[in-house]
2 protein chains.
Amino acid sequence: MYPDSNAAEIERIMSEAWTAFHGYRRISLAKRSEFMKTIATDLRQEAERLVPVAVQETNLPAQRLRGELARTIFQLESYAEACEKGDWMDIRIDTADPNKTPAKPDIRKMLVPLGPVVVFGASNFPFAYSTAGGDTACAFAAGCPVIVKAHPAHSGTSTLVADIISTASSKCRLPRGTFAHVYGKSPEVGHALVTNTHTKAVGFTGSFAGGKQLFDWANQRKEPIPVFSEMGSTNPVFLLPDKLRQDYKSVAKLYAGSITLGVGQFCTNPGIIVGIAGESLNEFMSALGAEIRKAVPATMLHPGIANSFWEKRSAAIHQTEVEVLAESVTLPLQNQGQPTIASVSAAAFMNNPILHQEVFGPYSIIVRCESLNEMLEVVRTFDGQLTATIMGSEKDMMENDDLVESIKNICGRFILNGVPTGVEVCLSMHHGGPFPATTDARFTSVGADGIKRFARPIAYQNWNDSLLPEELKNANPCHIWRTINNELTRNSIN
Amino acid sequence: MYPDSNAAEIERIMSEAWTAFHGYRRISLAKRSEFMKTIATDLRQEAERLVPVAVQETNLPAQRLRGELARTIFQLESYAEACEKGDWMDIRIDTADPNKTPAKPDIRKMLVPLGPVVVFGASNFPFAYSTAGGDTACAFAAGCPVIVKAHPAHSGTSTLVADIISTASSKCRLPRGTFAHVYGKSPEVGHALVTNTHTKAVGFTGSFAGGKQLFDWANQRKEPIPVFSEMGSTNPVFLLPDKLRQDYKSVAKLYAGSITLGVGQFCTNPGIIVGIAGESLNEFMSALGAEIRKAVPATMLHPGIANSFWEKRSAAIHQTEVEVLAESVTLPLQNQGQPTIASVSAAAFMNNPILHQEVFGPYSIIVRCESLNEMLEVVRTFDGQLTATIMGSEKDMMENDDLVESIKNICGRFILNGVPTGVEVCLSMHHGGPFPATTDARFTSVGADGIKRFARPIAYQNWNDSLLPEELKNANPCHIWRTINNELTRNSIN
């Protein structure tokens, strides 16, 4: 139904995107914002047409998808506002000083777009991390044309959303080629897109294998380009003893919900829970087990994801010393994920790479440490993570400074007494983390700071005020916060 | 005299750096700043011991080296101030909103250091881009231990500076391993440093071959790490017709100075000058030729650089249609560079990659276009550049919007009616640019924004105020500008 785009088509699309770039990057921040808001409005109007198609393609419940669409609209609107506000451009101005030897010239720096951005959406978020998702919104805000490769698992939804973006682009009279949509089940399409000479950056959300492949292709180009791949995570949770003793019941209930939310199909799903062996941990495991047994299996996004869940779950629970603590008592139907928790000693966990792998779905393993010292050793075996969570009392935190610091060092978001699932869309959000959670720990894919993935600084030296871009002019007509001679201000320059 | 560090030594040094990281990253911004200022003070005190060694190793004049040392001290002091001020941490806070569904947690984001940074200094700046140079200062400010590989061309200078840094580290009671210094003529040393598991980022200034090699090694690691390589540039200059007609004499004089400054040994040396064939350009070439003939050859940094200059100059001037316009009439002695200008038609230039290469030294080629349209075609053949310069009147600029936009798209710093040599150290400076000028156009190696190369965001979610880092606490005890609920402020949170 959606045949792969061929090489000639991709070449044509990328050439058009490159031409469009020369026009699109020159429109004002207000016009970029208007474009993004038009997409948002049209998505809102088309919700009742979009959601049923997405339900059919992803097996996700309509209510969840309506929520996700609302989030997508909020992303577009809030990044549009951030775009227009202009603070993301990191403007710095140093005015001339003719009395210095040699004379100091006037220098003014702002961010400008990189060029056409190729976006690969996620299977598990057909709206929020796909065609009109965060990467697309950030790239448009930065001033970059966007080429989306539809995710094969929801090409129909992607096509409808792409049509809405194309229509918005026409309504706003943007250059032809500012947005394009291609199809590709085979890796060749991804390869052609990433290695095309006109592609200047890539955004990806999905598996490690996929994201790392794009990263490698991009770095092997004659002209390497930045790739932001968000590749998932096991999101470890550390249960500290004082907190667990006081609250094992509520922690168990909270985590049963987080583990099974959306059939566990979130990159922030808590896949590994680390505690200290003893009475409290036993009580916690028993309470969590009771909750998990009550949880109901549900259909996963597509058969490939369900198969992968069962394979990885099976590999994990057959490792030495791993035992299944509990699984839902309702038998799963075909393509359903079965909520499962397992348990293993820290000693067995630490040196077993299979147990460090993400099992994408409603699965979590509890790692039993002999002591807080052993927990610190466990922390040091973790690769980079999107999130890490501590369940700890104030006393726990005060007494375990080294442990807290070590956990901090492996993650992008550090949660205290909460759950990692639920990624708030706001400027303070960091959805990123050290490799292999992402390919560049210095950027985020959620929140308006994500715009910076697709922009670069340029410094104007010795320009007449009349010739400078609006954002840099003395009068500050865009009313942007700017650092002038090392002081942040919205004032104009006299 | 300085044997290469061996593999065991490097392993030990990197392990120590990793251990030091756990301590160094936890000291306050004020302590980091004190450390950097101590290095600066000690460098100032030791100037009379440092400069003669550098003179001997680099053949650069004492006055130039004293100036460069002063610049190095200024970098350390001004980045120390920026470090302590804390604005570089990009703090964003969104306070909790329990009335939202689901409830919105409190989230607070700041930058934290990446880990041990390996720095490879430049041959042409024994102080400012070397052992205690910009990369080292930025990494210390970010909270990262630094391992410097001494440049083989000035290992003696590097050793003296390294001793000063080590002493400052002891004076400030920093963890052992916060700074280390290694030697390496062979590529194996660089390879061992970049691929060591404890290395978390790399800073490099030098040749394309060297910088690209480090970048490739870093990306081929199991855990890829960011590399900021600044790899030089030809820094094209575009002479627009109205300006040239009015000012060809002063432009020629200005550029004769810029081309020959420091025997042309700057990454911002103007290597390609593009004009429109005609009377004004002839006048300009003739005036520039007269200046270049008067210029005096001088000894280059080391025999390798002098050889490379003569080889690349020879390759360039023997290309089809290239003619030497002028060279200094004084005959060069051994290891000296001879100021030279050549000229070629745009048609011959555009398709000849050898003419696009940097000739590191006092050499520049003038590209003669038939028209402004052909100049636009020439712009499109350029790779990424650290700088691009336009010599243009207001009239020129108004009439050539597309040309100006196209030039902007290839460079990191965009100069109007000036010269690219001279890189001011200030926050608004951007010393970077699209590949192959650097390996990541999104970062700078000059100015306090360079700190961000070595830091990553972390978001604290739902933390008690008492447990948060000082920088994120409600009371804002560090008095940092923070974006709170989308508004920049220095206020505390009630």
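Reader: How many salt bridges does the structure hold over all chains?

Author: In this predicted model, the structure holds 59 salt bridges over all chains.

Reader: What makes the meeting of Arg44(A) and Glu77(A) a salt bridge?

Author: The rule asks for a side-chain nitrogen of Lys or Arg within 4 Å of a carboxyl oxygen of Asp or Glu, and the side chains of Arg44(A) and Glu77(A) meet at 3.1 Å, N to O, so the pair satisfies the rule. Arg44(A) lies in helix H2 (residues 29–45) of chain A and Glu77(A) in helix H4 (residues 62–85) of chain A, so this salt bridge ties together parts that are 33 residues apart in sequence.

Reader: Why is the pair of Arg92(A) and Asp449(B) called a salt bridge?

Author: Here the N to O distance is 2.7 Å, and the cut-off is 4 Å, so the name applies to the side chains of Arg92(A) and Asp449(B) as well. The count between chain A and chain B is 16 salt bridges, and across that interface 52 residue pairs are in polar contact. On the side of chain A that touches chain B, strand E17 (residues 455–461) of chain A gives the most, with seven residues; by class, that side has 35 nonpolar, 15 polar and 28 charged residues.

Reader: Why are E17(A) and strand E16 (residues 411–416) of chain B said to pair?

Author: Pairing requires at least two bridges, and E17(A) and E16(B) are joined in the parallel sense over three bridges, so the two strands count as a pair. Within this pairing, Gln461(A) has Ile415(B) as its bridge partner in E16(B).

Reader: How many residues are in contact, and what area do chain A and chain B bury between them?

Author: In chain A, 78 residues are in contact with 78 residues of chain B, and the two chains bury about 6,900 Å² between them, with 51% of it on carbon and sulfur atoms. Ser428(A), Arg442(A) and Arg456(A) lose the most area to chain B in chain A, together 10% of what that side buries.

Reader: How do you know that the copies are related as by a two-fold rotation axis?

Author: A rotation of 180° with 0.0 Å of shift along its axis superposes chain A on chain B, with an RMSD of 0.0 Å, and the two copies are therefore related as by a two-fold rotation axis. The C-alpha of Asn219(A) is the one nearest the axis in chain A, 3.7 Å from it.

Reader: Why can one say that the copies meet through the same surface?

Author: Of the interface residues of chain A, 100% are also interface residues in chain B, so the copies meet through the same surface.

How values were computed: Residues are numbered from 1 along each chain as its sequence is written. Chains are lettered from A and ligands numbered from 1 in the order in which they are written. This is a predicted model: local features need pLDDT of at least 70, side-chain atom pairs count only at pLDDT 80 or more; totals for chains, interfaces and linings use all residues. Side-chain values use heavy atoms; hydrogens and water are left out. Contact means heavy atoms within 4.5 Å. Buried area is the accessible area (1.4 Å probe) that two parts lose on being put together, summed over both. A polar contact is a pair of N or O atoms within 3.5 Å; within protein, one must be able to donate a hydrogen and the other to accept it, and residues adjacent in sequence count only if both atoms are side-chain atoms. Helices (H or I, at least four residues) and strands (E, at least two) are DSSP runs, numbered from the N terminus. Ala, Val, Leu, Ile, Met, Phe, Trp, Tyr, Cys and Pro count as nonpolar, Asp, Glu, Lys and Arg as charged, and the others, Gly among them, as polar. Copies are superposed by least squares on the C-alpha atoms of residues with pLDDT of at least 70 in both.
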